[in-house]
Amino acid sequence: MARLGSWIESHPEGIYVRPADAWIDPSEPKPKAMITHGHSDHARGGHGAVLATAETLAIMECRYGPQAGQPIAYDESLRVGEVDVRFVPAGHVLGSAQIVLEHKGEKAVVSGDYKRRPDPTCACFVPVPCDIFITEATFGLPVFRHPETGSEIDRLLHRLHSDPSRCVLVGAYALGKAQRIICELRERGHDASIYFHGAIERLNQLYENFGVELGELRYTGGATKQEMAGHIVICPPGALNDRWSRRLPDPVTAMASGWMRIRQRARQRNVELPLVISDHADWDELTTTIRELEPTEVWITHGREEALKHWCMTHQIKACELNLIGYEDEDE
Ligand SMILES: [Zn+2]
Ligand SMILES: [Zn+2]
């Protein structure tokens, strides 16, 4: 068990804030949990009580049914036990938050998953200077530098327009990435109908209920090949290579993920058009954030911890990895 300050503890199943008697993103059911965002490796079902943003609670209810939830708005302050708690935007997906904890003059920020570049579906990351910064490191290697989102979207549109007899099938993580791709396309002026796989329908609806406008969407079920030709179709990554896609008009297979930087990963999924679009910080975003926050200590929750730890140490910042279990790379 690693000890941060003397009041935050790292256990394999999550971070425990002792003076609040609460867990953050625990991988097992706990009496009291504070949840950073709705991805299933961070937000599990079965907790006795949940403190999270209204958006995250809605995502959890969509997946697990009614929650004993208490919604907290961004920047609202709440006293939990002997800890002052505040949620601020993390820029990762709708409702995603960093959790700011203050106890006896020491400030810790648990960032959950985050990114720094703009995302039309959620509020931008807010930097909060702190003593202890607890960060992810999904793309914590210098090789990971995500390109401009706009240029990736333009590549997608160029491919779509180059052959109107085919469709472009985009694999995108069902929570967050799928809706972001749709919004990014709209921002680039693509007004045409976008078709979707049934598995993302409820989340599309949830985003729209929270005011994220997705434009004209159509369900693939019942649509003919002819109707879908020349259109973009969005599906979860798992559906890219399954029988379902045979109903589509000669699809160009694309996938939107930070992992598309790695050719091998694109090849494994038979992806013809890899789009490097990520909801996680790349190497520059991780290191810029740490520089900006100037923490005395950095604790790394999951991902490629080694390189980031080394970078911190060469910049005179104490760093260690937490070895939490249950966090996945997400198909992200
Ligand atoms: Zn996530
Ligand atoms: Zn994660």
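These are my notes on a zinc site and a buried strand in a predicted model.

**Zinc site**

I looked up the donors of the zinc ion (ligand 2) and found His42 (NE2), His302 (NE2) and Asp113, whose OD appears twice in the list. The distances run from 2.2 to 2.8 Å. I then checked the geometry. The 4 donor atoms subtend angles of 51 to 122 degrees, so I entered the arrangement as irregular. For four donors to count as tetrahedral, all angles would have to lie between 85 and 135 degrees.

Along the chain, the donors of this zinc ion (ligand 2) follow the spacing H-x70-D-x188-H. His42 sits in the loop between β5 (32-34) and β6 (49-52), and His302 belongs to strand β19 (residues 297-303). The two are 260 residues apart, so I noted the pair as linking distant parts of the chain. I recorded both His42 and His302 as buried.

I also followed Asp113 to the other metal. Asp113 bridges the zinc ion (ligand 2) and the zinc ion (ligand 1), and 3.9 Å separates the two ions.

**Strand β12**

Next I took strand β12 (residues 132-137). I found 6 of its 6 residues buried, so I put it down as largely enclosed by the rest of the structure. Ile132, Ile134 and Glu136 point one way, while Phe133, Thr135 and Ala137 point the other way.

Which strands pair with β12? Strand β11 (residues 106-110) runs parallel to β12 and is joined to it by 3 bridges. β19 also pairs with β12 in the parallel sense, over 5 bridges. I found Ile134 of β12 opposite Val110 and opposite Trp299 in β19.

Key. Residues numbered from 1 in each chain as written. Chains lettered and ligands numbered in written order. Predicted model: local features only at pLDDT ≥ 70, side-chain atom pairs only at ≥ 80, totals over all residues. Heavy atoms only, no water. Donors = N, O, S within 2.8 Å, 3.2 Å for Na, K, Ca; no water. Tetrahedral: all angles 85-135°; square planar, octahedral: opposite > 155°, others 65-115°. Helix = DSSP H or I, 4+ residues; strand = E, 2+ residues; numbered from the N terminus. Buried < 20%, exposed > 50% of the residue type's maximum accessible area, 1.4 Å probe, protein only. Pairing = 2+ DSSP bridges.
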